[in-house]
Amino acid sequence: MKPRIPYLIMIWALLIAWPSAGVVAQEEPMADPEFTAMMAEVRSFRNQDRMVEALESLERATKHAEAEEDTQEIIRCDFMYAQIYLDLDRVSEAQFYYDRMNEQLETLEYFYGNAASLYIEGRISSMEGNNNLALSKLIEAKQESNDRNLLNRITLSEGEFYSMLPNSTDRAITRFNAVRENSDPYEKYYLRARAFMGLADIYIAQGDMENAITNAENALKLAENNEFAKIVERCNRLL
């Protein structure tokens with residue numbers, strides 16, 4: 001009989017990325033095909049590190065949402081603006097859209113609940129050097145949402161934040177392993193590439209170059225196939 005330990009470890013790792021028992025991760029309902037296509041374009045440009053084009057596409061999506069007077073879509077745009085500006089280390093601009101999003105959330109029930117707000121708070125806290133506070137915000141965000149894409153993003157950030165804390169490497173590896181097995185509806189390959197890169201960074205720090213190179217090669221393959229420019233650059237520096 002084959003040992004079941006690796007299988008059980010894999011299942012446990014996947015559960016880390018999911019909300020509590022009894023809650024099934026879902027995709028955000030989007031009834032507007034034109035807006036959905038615009039946001040898909042934004043995500044594609046963002047993950048390819050084509051940030052000028054991502055912001056231009058997001059501006060078009062925002063104008064569409066405002067013309068339709070669809071507050072849910074406007075919140076989604078503000079959430080994406082906040083994420084992109086944090087990607088660019090432009091915290092004050094991210095804060096503007098974070099604040100505007102929260103104003104809307106005070107009076108409107110939203111699919112993400114408060115998870116979007118908590119996720120942005122967590123990322124800002126990490127950028128300010130407070131990874132313990134950042135992780136507490138992410139844990140709370142997980143409890144507030146069952147959206148599959150947001151949960152995967154949260155789990156990836158957990159892995160990155162744990163990797164910066166002492167004595168938390170195992171927790172980081174668990175999160176990265178969960179994300180590398182994700183079936184995200186929008187960003188599956190990008191999230192997998194980031195998870196492989198996170199694992200490579202950990203193994204480099206541990207001096208385990210065999211595993212570091214294996215994970216970096218996996219990240220590079222995904223990144224080259226999907227034009228994730230920043231990940232390609234990082235992998236090439238490592239390899």
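This briefing covers one helix and its two flanking loops, the largest pocket, and a buried loop asparagine. The model is predicted, and the points below should be read with that in mind. Helix 4 spans residues 71–87, and helix 4 is also among the elements that give two or more residues to the lining of the largest pocket.

**Helix 4 and its ends**

- Helix 4 consists of 17 residues and reaches 24 Å from its first C-alpha to its last, which is close to the 24 Å expected at 1.5 Å a residue.
- Because 14 of its 17 residues are buried, helix 4 is largely enclosed by the rest of the structure.
- At the start of helix 4, a side-chain oxygen of D70 comes to within 3.1 Å of the backbone nitrogen of Q72.
- E69 is found in the loop between helix 3 (51–67) and helix 4, and E69 has a positive phi of about 55° although it is not a glycine.
- With a relative accessible area of 70%, E69 counts as exposed, since the cut-off for that class is over 50%.
- Helix 4 is followed by D89, which sits in the loop between helix 4 and helix 5 (91–105).
- D89 is likewise not a glycine, yet has a positive phi of about 65°, and D89 is exposed, with a relative accessible area of 58%.

**The largest pocket**

- The largest pocket holds about 780 Å³ of space, and 31 residues line it, of which D87, R123, E160, Y190 and R194 lie nearest its centre.
- Two or more lining residues come from each of helix 2 (33–47), helix 4, helix 6 (115–127), helix 8 (148–162), helix 10 (188–205) and helix 12 (229–238).
- Helix 10 provides the largest share of this lining, with six residues.
- Sorted by class, the lining of the largest pocket comprises 14 nonpolar, six polar and eleven charged residues.

**N182, before helix 10**

- N182 lies in the loop between helix 9 (169–180) and helix 10, and N182 is buried, with a relative accessible area of 3%, where the cut-off for buried is under 20%.
- A polar atom of the N182 side chain lies 3.3 Å from the backbone oxygen of K188.
- Leaving aside residues up to four places away in sequence, N182 touches N152, K188, L191 and R192.

How values were computed: Residues numbered from 1 in each chain as written. Predicted model: local features only at pLDDT ≥ 70, side-chain atom pairs only at ≥ 80, totals over all residues. Heavy atoms only, no water. Helix = DSSP H or I, 4+ residues; strand = E, 2+ residues; numbered from the N terminus. Expected span 1.5 Å × (residues − 1). Buried < 20%, exposed > 50% of the residue type's maximum accessible area, 1.4 Å probe, protein only. Polar contact = N/O pair within 3.5 Å; in protein donor to acceptor, adjacent residues only side chain to side chain. 1 Å grid on protein atoms, 1.4 Å probe; cavity = no way out; pocket = protein on both sides within 12 Å on 5 of 7 lines; lining within 4 Å. Points joined across faces, edges and corners; volume = space filled by probe spheres on them. Nonpolar A, V, L, I, M, F, W, Y, C, P; charged D, E, K, R; others polar. Contact = heavy atoms within 4.5 Å.
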